[in-house]
Amino acid sequence: MLIKKPADLKPSEITSEKNYLNRRDFIRGGAIAGGALLGGSAVGAVIPDARLGKLANVTKSPYSTSEKANSFEDISTYNNFYEFGLGKEDPFQNAENFKTRPWTIEVSGHAEKTGSFDFDDFMKPFDLEERIYRMRCVEAWSMVIPWVGISLAEVVKHFNPTSKAKYVAFETLNDREQMPGLNGRSLDWPYREGLSIAEATNPLPILAVGIYGNVIPNQNGAPIRLVTPWKYGFKGIKSIVKIKFTSTRPQTSWNMAAANEYGFYANVNPEVSHPRWSQARERRIGAGIFADKQETLMFNGYGEDVAHLYKDLDLRRNF
Ligand SMILES: Nc1nc2c(c(=O)[nH]1)N[C@H]1C(S)=C(S)[C@@H](COP(=O)(O)O)O[C@H]1N2
Ligand SMILES: [Mo]
């Protein structure tokens, strides 16, 4: 989240999604997720291997914005994923061969159900939805992203936390062999994030596994990452391997790195400046170099759904 300024207008912005997919040889064999092969009534989420393309049985969510989504190109080439480098195009360049199978997610802490789950087993109880969300990075840029994912509230319900669980903590894979950024000291690894239980059981957060109906690209956090649309983008922890229900507030990477700049809450708030820049406006990626910045909305425009979570908090102090 150091401020870097890549060229605003990239030739890639005029390349279509289809060309991108061909170029990266994403679709090998054009396989389709095998929902039709499953018996029984509950279809559940079946996620094909990262290179096999399209996700099946995706329903549309009423929580989607009607704003125009960014191009697939913008979404998959302008990224923050420090494990793969600090530059915006580094994750796109360096995550191509990142191995997202086999993938294990460990669920632990104060919950009835815990254990280590193969990613495909982890996904099975849940339904896939497309959620088109506005996303706002703490660096004052934004995008609109058509995610495909599962409701985090449903996931929490499934694992059935006890009354001791007040927070949900997440961790990213910590694999030096695959993640060149881990050799640098930009952050204290592994990347960590957390939400309160009330936030995690709000209907808005999702664990995303896709973009534009296809398996999520590695650089966006394959095979599964958090999306919390009323918070700054850094809350959206990528490539999750651990989910823990905790009684105390978990450590979070950016807060550990600079507590005066990045709080635990990280709610999008145009009235509270980052110590080094204003949060009042944002630059929509892909809008073009001549486009005006737009006003940032309180809670990124999701206040109706989430403002009640913070009604007793001073948001200047609890940023
Ligand atoms: N593991 C991990 N997750 C991460 C980051 C990171 O560096 N490592 N960067 C965060 C930041 S600052 C942002 S803005 C979003 C960017 O998500 P996107 O690249 O899919 O748009 O990912 C977040 N999740
Ligand atoms: Mo960010």
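Which residue of β10 does Ile206 stand opposite? Ile206 stands opposite Val227 in β10, and the strands around this pair are a good place to start a tour of the model.

The model is predicted, so local features need pLDDT of at least 70 and side-chain atom pairs count only at pLDDT 80 or more, while totals for chains, interfaces and linings use all residues. Residues are numbered from 1 along each chain as its sequence is written, chains are lettered from A and ligands numbered from 1 in the order in which they are written, and side-chain values use heavy atoms, leaving out hydrogens and water.

**Overall picture**

The protein has eight helices and 13 strands; helices (H or I, at least four residues) and strands (E, at least two) are DSSP runs, numbered from the N terminus. Of the 319 residues, 54% are buried, where buried means under 20% relative accessible area with a 1.4 Å probe, counting protein chains only. Taking contacts (heavy atoms within 4.5 Å) between residues at least 6 apart in sequence, 73% join residues at least 24 apart.

**Strand β8 and its partners**

Six of the six residues of strand β8 (residues 206-211) are buried, so the strand is largely enclosed by the rest of the structure. Its pairings are listed below; two strands pair if DSSP finds at least two bridges between them.

| Partner of β8 | Sense and bridges | Opposite residues |
|---|---|---|
| β5 | antiparallel, five bridges | Val148 and Gly210 |
| β10 (residues 225-227) | antiparallel, three bridges | Ile206 and Val227 |
| β9 (residues 214-215) | antiparallel, two bridges | Ile211 and Asn214 |

β8 and β9 also form a hairpin with two residues between them, and Tyr212 in the turn has a positive phi of about 50 degrees.

**The nonpolar core**

The largest nonpolar core has 81 residues, and those touching the most other members are Phe122, Met123, Trp147, Phe170, Leu207 and Ile224. Such a core is a set of buried Ala, Val, Leu, Ile, Met, Phe, Trp, Tyr and Cys residues joined through side-chain atoms within 4.5 Å. Strand β5 (residues 141-151) gives the most to this core, with six residues. Beyond its neighbours within four places in sequence, Leu207 is in contact with residues including Phe122, Val148, Phe170, Ile224 and Ile240.

**A buried threonine**

Thr172 lies in strand β6 (residues 167-172) and counts as buried because its relative accessibility is 2%. A polar atom of the Thr172 side chain lies 2.6 Å from the backbone oxygen of Lys238. Leaving out residues up to four places away in sequence, Thr172 touches Phe81, Glu83, Tyr191 and Ile240, among others.

Note on methods:
Buried means under 20% relative accessible area, exposed over 50%, partly exposed in between (1.4 Å probe, protein chains only). A polar contact is a pair of N or O atoms within 3.5 Å; within protein, one must be able to donate a hydrogen and the other to accept it, and residues adjacent in sequence count only if both atoms are side-chain atoms.
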